[in-house]
Amino acid sequence: MNKSLSMAMDSLSSAKNLDDLYPLIDQQFFTAGWHKKRASLWPSPRTEFRPMHWSYELGKLALDQAGQWMDTELAERRNLLLFNPVGDNDYDTVRTLVAAFQMIKPGEYAKPHKHTPNALRFVLEAQPGAFSVVDGVLLPMRAGDILLTPGGSMHSHYNESESCAYWIDILDVPLVHLLEPMFFEPSHEAIQAVESTPSEHPYWFKVEELSKAWPMAGEAAQEVPIDTQILDSQSHILTQCLSYHHMNKMQSWDIAKSTVSRLFCIAEGSGSAQLGGVQVEWKFGDVLALPSWHAAQFKAHQNSRIFEVNDFPVLDKLGLYRQAL
Ligand SMILES: [Fe+2]
């Protein structure tokens with residue numbers, strides 16, 4: 001028997017009662033399961049994450065202010081992370097997802113890189129000349145478009161227009177942090193080569209395809225469920241479900257409490273929402289966060305469209321999806 005094991009055995013053997021034993025077993029990195037400091041099981045889901053609302057108007061002003069003093073070299077990081085104020089968190093928006101407002105000024109570009117987290121952009125404001133390059137494919141970034149940059153794809157962003165371009169980034173980085181398979185690699189090239197400029201691509205959801213007509217109008221709209229379109233993205237990004245909700249003026253949308261964490265981006269219109277116990281007013285460009293096990297109700301004050309990203313596929317694949325009755 002080696003010396004340290006022998007000393008530990010002697011030490012444990014010297015205990016005269018449980019109070020003597022606890023510090024000795026702690027020294028050996030054992031926790032007494034009957035005497036642990038924190039519960040490890042509880043009857044229903046708990047989250048520290050809070051329902052939240054971020055104003056695009058405020059975010060845009062903060063980005064414009066920062067743009068006065070940040071040069072092109074830092075442009076790829078000119079984003080505002082929408083962090084949930086829990087503990088010392090300054091990154092995660094909900095448990096599995098992070099959202100950010102990003103701005104690139106005319107003539108700037110965000111250098112190419114790739115990483116394991118999946119990313120997507122929802123473009124808020126952009127003029128012709130703003131685009132992303134994903135694995136050599138040039139994808140225009142037009143206001144209202146959604147672009148995917150699946151994990152492992154080399155990607156970069158360019159603004160060759162005369163105006164600043166603004167968008168919302170959504171990534172599953174917090175999920176990758178939890179599970180730990182992070183890989184990141186910058187490109188050796190400053191400018192990513194363009195190999196094709198297709199008019200259609202599975203990573204590009206065009207605003208024209210997302211902005212279909214609202215099905216009802218006026219009083220009649222209140223009687224029908226809201227119209228939801230699931231985007232065909234799950235074969236490219238396995239961890240997220242992307243959907244687009246079309247709400248008529250005065251229509252309500254109830255979301256049941258479930259184990260899914262959700263982010264909502266306001267694509268068009270305005271309204272209010274009850275997120276758990278939090279009442280908010282929303283309009284174009286705003287981002288709302290609904291952590292797991294919180295119910296919500298949206299009410300549209302105008303004809304509105306809401307882009308949702310959630311982690312349903314992760315919960316579902318792992319057998320962890322539940323919805324409250
Ligand atoms: Fe990236």
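How many helices and strands are there in the protein chain? In this predicted model, the protein chain contains six helices and 21 strands. The C-alpha trace spans about 75 × 55 × 40 Å along its principal axes. Of the 325 residues of the chain, 38% count as buried. Among contacts with a separation of 6 or more, 75% are accounted for by residues 24 or more positions apart.

Strand β3, comprising residues 98-104, is largely enclosed by the rest of the structure, because seven of its seven residues are buried. In a regular strand the side chains alternate between the two faces of the sheet. Burial in β3 extends to both faces: V98, A100, Q102 and I104 are buried on one side, and A99, F101 and M103 are buried on the other.

Strand β3 is joined to strands β2 and β10. Strand β2 (residues 79-81) runs antiparallel to β3 and is joined to it by three bridges; in this pairing, N79 stands opposite Q102 of β3. Strand β10 (residues 165-171) is likewise antiparallel to β3, with seven bridges joining the two. Here M103 of β3 stands opposite Y166 of β10. The residues Q102 and M103, which face these partners, belong to opposite sides of β3 in the burial pattern described above.

A contrasting environment is found at helix α2, which spans residues 18-27. The number of buried residues among the ten in this helix is zero, and α2 therefore lies largely in the open. Just after α2, F29 adopts a positive phi of about 60°.

Key: Residues are numbered from 1 along each chain as its sequence is written. This is a predicted model: local features need pLDDT of at least 70, side-chain atom pairs count only at pLDDT 80 or more; totals for chains, interfaces and linings use all residues. A residue is buried if 20 or more other C-beta atoms lie within 10 Å of its own, exposed if 12 or fewer, and partly exposed in between; C-beta atoms are placed from the backbone. Helices (H or I, at least four residues) and strands (E, at least two) are DSSP runs, numbered from the N terminus. Two strands pair if DSSP finds at least two bridges between them. Two residues are in contact if their C-beta atoms, placed from the backbone, lie within 7 Å.
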